[in-house]
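Hi,

Here is the structure I promised to pass on. Have a look at it first, and then read my notes below.

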Amino acid sequence: MPDGVVGEVVTTEVVGDVALVCIDNPPVNASGHAVRVGLVGAIEALNAEAGVKAIAIWCAGRTFMAGADIREFGKPSKEPVLPEVYNILEASEIPVVAVMHGTALGGGFELGLAAHARVAIAGSKVGLPEVLIGLLPGAGGTQRLPRLAGVDFALDMSLSGRQVSVEEAQAAGAIDRVVEGNPRDVALSMAQEVVAGTLPTRRTSEISIEIDHTALDGIRAATQKKSPHLVNPLKCIDAIAAADQPIAEGLKVERQCFLDCMETPQRAGLIHAFFGERAVSNIPEAKGETRDIQSVGVIGGGTMGSGIATACLLAGLPVTLVEVAQEGLDRGVATITKNLEGAVSRGKMSEAKKEAALASLSPALELDALADVDLVIEAVFEDMGVKREIFGKLDAICKPDAVLASNTSYLDVNEIAESTSRPGDVLGLHFFSPAHVMRLLEIVQGKQTAPDVLATGFALAKRLRKVGVLAQVCDGFIGNRILAHYALCSGYLVLDGASPAQVDAALEGFGFAMGPHKVGDLAGLDIGWMTRKRKAATRDPAERYAGQIPDRICENGWFGRKTGKGYYLYEGGAPVPNPEVATIIDEVRAEQGITPKSFTDDEIVERYMTAMISEAARVVEDGTAKRPLDVDMVFLFGYGFPRFRGGPLHYADTLGAAELVARIERYAEEDPHYWQVPDILHRMAADGTSFADLNKG
Ligand code: 3HC
């Protein structure tokens, strides 16, 4: 077999006394079944070939193998599995050199570790990102990386999942040589160097190391503290701890740890998040013609406007910031400057780039300054009258084809669009605070939004490195509409007997970084208060009001962290429950004749999550969100939903529609107005379908 095709995606090429093995499996050369079969076939065939003295493996396309094919996970595994393939590779009598380019990740980097020498093209990266998808390096990485580069480096790479420059990896001993060139040419010259003896080779498994197990215990404790809900980081440490055993034993431990992780719902949740993040923009609305955005105008220098302006500046877009008064404008510029300085101190941008970004910020006091910008984002307070007036003026000022966006978080984008003579140019771009940090961007489609304007919204999200999710117009769009519903449930839990701190602790136990009362204190309780007042006139009289307690807290001027007092007291050190809130709660319960009952933490989580899921189901049912996964991504990237649970509707599938219907019907015996089974859940329970089925379309 001098030159040949091994299976569908692996080819061999013999050049003199060396052989090149090429993997060509677009888009990222993931090591799916065909690659595994092809690699084994190639190694075995070349070992049987007289005259071949060295083998170099390289990949075609934009990157070396980016790891195992994640789409195969959760399905029955097909032989040969990746660790076996790499054992065969390492056992090859003919020395094998791996030539990595692009991003050699997970099983890709592990191929390199199993080879007899590792070469990387300058500027490429290597990484072990399995930890981010609920797994651990399961193709020898936990055994071979410590042998090559030491336990500390292996722990760092495999617990952080970070991509490491090949220069750093070389310094640590994980890569033998970093060279310039294209992968195929480098593969040829490196194989020839192996034959010439100028590129030394060895079997990684023959290196033996010692491990300080006491130190590992410390790392276990720190890891558990950092990620209290996750199973896989600890399993990863267990596997690395076995790297001082003979490799066959260590690989057995690694395999078991890997399979244990594979079985967890966390792995499924994290992989759903991985694909969901990519699928949200994989829709016709996000594709096609876009308008060219080279400059942005932001109206409003408050927290939101300044955050949006910062996000645009960070992406290299010049911004004109408009405020009505000099004082507000100065405050906006000061906030943006502070945000950018924060980016510099976090290593996100250089001092020179910060200066360039500030130089491209043009503060202005008149909307006329927006005459030439390509995109305007209005971020003033939530008042339809004010917004209509601004959009009416923009209509007269802005150049034709400028995209006119509102950052409204609740209001009717169609009504805003109607205040212009060009409703096709108008859409909602709903950012989340702090807008230069939070990755979610709801892209709200008005009735008349032009297709290229909508696609421009998605292009902007990509440019700002945000996750753009399509939403239709309704009060609160996807996220805030669902939030309004489950926030009521949280209010009822406190009204009926739970304490705010208990609700928070229960939900933090479920995986939220902060419970809803802590979030309220952080965001400012006055925001919800204003919303309740705004909606008071239109409130459904049949709905139990859950706002008395937070209303009364706000009437005292306690708005949370910014006033030092809210549900909690902020007096330096850890926040403690505010005892005066407990008194308010007692008073309100007494006034309403409520005898408090006790809830277990599980009951709290159950009710809260069921409330969230039922409104999320309605949002999918009425088309506000295109698919369940869109709701999931809104919650993962905008609402601190625990990523390992995949999102509310992925989590709902783990419960099943029948269980959710049963829960809602049980709660409805107490409050039939609030607890109503969405039709979609009835249908899903009857026909046994899941939200995952709806994602498939
Ligand atoms: N398996 C299957 N599909 C993959 C994949 C993988 N490992 N990695 C990426 N893809 C797909 C993406 O879903 C996307 O598909 P789409 O076009 O249909 O949406 C396509 O490849 C391109 O990916 P991106 O859009 O993410 O492209 P980027 O250029 O932005 O990023 C990347 C490329 C850095 C490779 C990024 O995709 C990535 O980080 N991939 C995941 C890498 C990973 O987690 N590897 C470990 C896998 S687990 C493993 O190896 C286990 C082993 O230890 C046994």
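Let's start with helix α26, which covers residues 648–655: six of its eight residues are buried, so the helix is largely enclosed by the rest of the structure. Keep in mind that this is a predicted model. The buried ones in α26 are Pro648, Leu649, His650, Tyr651, Ala652 and Asp653. What covers them? Among the elements packed over the buried residues of α26 are α11, α24, α25 (628–638), α27 (657–668) and α29 (691–696). Right after α26 comes glycine 656, and its phi is positive, near 90°.

For a contrast, go to alanine 542. You'll find it in the loop between α21 (525–535) and α22 (548–555). Is alanine 542 buried or exposed? It has 8 other C-beta atoms within 10 Å, and a residue with 12 or fewer counts as exposed, so alanine 542 is exposed. If you want a feel for distances, try serine 165: alanine 542 is 377 residues from it in sequence, and their C-alpha atoms are 61 Å apart in space.

Now the overall layout. The protein chain splits into domain 1 (4–262), domain 2 (291–473) and domain 3 (480–624 + 656–696). Between the C-alpha centres of domain 2 and domain 3 there are 31 Å. UniProt, in an unreviewed entry, puts the feature "domain: 3-hydroxyacyl-CoA dehydrogenase NAD binding" at residues 296–471. That stretch, 296–471, is 42% helix and 21% strand, with its end C-alpha atoms 22 Å apart.

Next, the inside. The largest nonpolar core has 210 residues, and the ones touching the most other members are Ala56, Val97, Val99, Ala191, Val376 and Ile443. Helix α24 (residues 601–621) contributes the most to this core, namely ten residues. Which residues does valine 376 touch, leaving aside neighbours within four places in sequence? Its contacts are Gly297, Ile299, Leu370, Leu394, Cys398, Ala402, Leu404 and Ala405.

Last, the ligand. There are 26 residues around it, and the closest are Ala66, Gly67, Ala68, Gly106 and Gly107. The elements that give two or more residues to this shell are β6 (103–105), α3 (107–114) and α11 (265–279). You've met α11 already, as part of what covers the buried residues of α26. By type, the shell around the ligand has 14 nonpolar, seven polar and five charged residues.

Have fun with it!

Technical notes
Residues numbered from 1 in each chain as written. Predicted model: local features only at pLDDT ≥ 70, side-chain atom pairs only at ≥ 80, totals over all residues. Near = placed C-beta within 6 Å. Helix = DSSP H or I, 4+ residues; strand = E, 2+ residues; numbered from the N terminus. Nonpolar A, V, L, I, M, F, W, Y, C, P; charged D, E, K, R; others polar. UniProt positions renumbered as here; feature names shortened; annotations may be inferred. Core = buried A, V, L, I, M, F, W, Y, C linked by C-beta atoms within 7 Å. Buried ≥ 20, exposed ≤ 12 C-beta atoms within 10 Å, placed from the backbone. Contact = placed C-beta atoms within 7 Å. Domains from an automatic or database assignment.
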